[in-house]
Amino acid sequence: MDDARAYGQHLAEMLAASHFSVAEKQAWAVLIPDMSLEQLKKFDAVLRADMTAQSTHELEDLNISIRAARHQRDLSMAALETEADQIMAEVQATLEANG
């Protein structure tokens, strides 16, 4: 009985974390108690596939954010280098004019 309860808890947690709509989650919650072990295993596989797809999408979003941040950093560094070069040129010109 403890195994069944643990498996039910596992499915409930996965269902709660899924991308299913609230209505779909509620419908599944009603169906689960009447499902056979084989049906529960198939539903488990569906939930795992949903979580894998969710993780893949989140990783893709994170990768895009990282690339955007790197691009912004590169632009900022280029602007700083240009500004530093201009300041150094002004300092050198001032030194030459006063030297």
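## Three helices, questioned

Modeller: From the N terminus on, this predicted model runs α-α-α.

Biologist: What makes the protein more spread out than a compact globule?

Modeller: Its radius of gyration is 29 Å, whereas the globule rule gives 13 Å for 99 residues. The value is well over the rule, so the protein counts as more spread out than a compact globule. The C-alpha trace spans about 95 × 25 × 15 Å along the principal axes.

Biologist: How many helices and strands does the protein have?

Modeller: There are three helices and zero strands. Helix H1 covers residues 2-17 and helix H2 covers 22-31, while helix H3 takes in residues 37-98.

Biologist: How do you know what span is expected for H3?

Modeller: The expected span is 1.5 Å times one less than the number of residues, and H3 has 62 of them. That gives 92 Å, and the helix reaches 90 Å from its first C-alpha to its last, which is close to the expected value.

Biologist: Which residues of H3 are buried?

Modeller: They are Leu40, Phe43, Asp44, Leu47, Asp50 and Gln54. The buried residues of H3 pack against helices H1 and H2. As background, residues three or four places apart on an α-helix point the same way, because there are 3.6 residues a turn.

Biologist: Why is Gln54 called buried?

Modeller: Buried means under 20% relative accessible area. Gln54 has 18%, so it is buried. This residue sits in helix H3. Apart from its neighbours within four places in sequence, Gln54 is in contact with Ala17, Ser18 and His19.

Biologist: And is Asp2 buried or exposed, and what makes it so?

Modeller: Asp2 has 60% relative accessibility, and the cut-off for exposed is over 50%. Asp2 is therefore exposed. Asp2 belongs to helix H1. Its C-alpha lies 58 Å from that of Ser76, with their places 74 residues apart along the chain.

Biologist: What about Gly8: which class does its relative accessible area give?

Modeller: Gly8, also found in helix H1, has a relative accessible area of 36%. Partly exposed is the class between the 20% and 50% cut-offs, so Gly8 is partly exposed. The C-alpha atoms of Gly8 and Gln54 are separated by 22 Å, and the two residues are 46 apart along the chain.

Biologist: Why is Ala89 put in the class it has?

Modeller: Ala89 has 46% relative accessibility, so it counts as partly exposed; the cut-off for exposed is over 50%. Ala89 is found in helix H3. From Ala89 to Met35 the C-alpha distance is 77 Å, for residues 54 apart in sequence.

Biologist: What share of the 99 residues in the protein is buried?

Modeller: Buried residues make up 13%. The accessible surface comes to about 7,900 Å², and 60% of that belongs to carbon and sulfur atoms.

Biologist: How many side chains are positive and how many negative?

Modeller: There are 8 positive and 17 negative side chains. The centres of the two sets lie 12 Å apart.

Biologist: Among contacts between residues at least 6 apart in sequence, what share joins residues at least 24 apart?

Modeller: That share is 66% in this protein.

Definitions and conventions: Residues are numbered from 1 along each chain as its sequence is written. This is a predicted model: local features need pLDDT of at least 70, side-chain atom pairs count only at pLDDT 80 or more; totals for chains, interfaces and linings use all residues. Side-chain values use heavy atoms; hydrogens and water are left out. Helices (H or I, at least four residues) and strands (E, at least two) are DSSP runs, numbered from the N terminus. The radius of gyration is taken over C-alpha atoms; the globule rule is 2.2 Å times the number of residues to the power 0.38. Buried means under 20% relative accessible area, exposed over 50%, partly exposed in between (1.4 Å probe, protein chains only). Contact means heavy atoms within 4.5 Å. Accessible areas come from the Shrake-Rupley method with a 1.4 Å probe; for residues, only the protein chains shown count as cover. Lys and Arg count as positive and Asp and Glu as negative; His and the chain ends are not counted. The place of a charge is taken as NZ of Lys, CZ of Arg, CG of Asp or CD of Glu.
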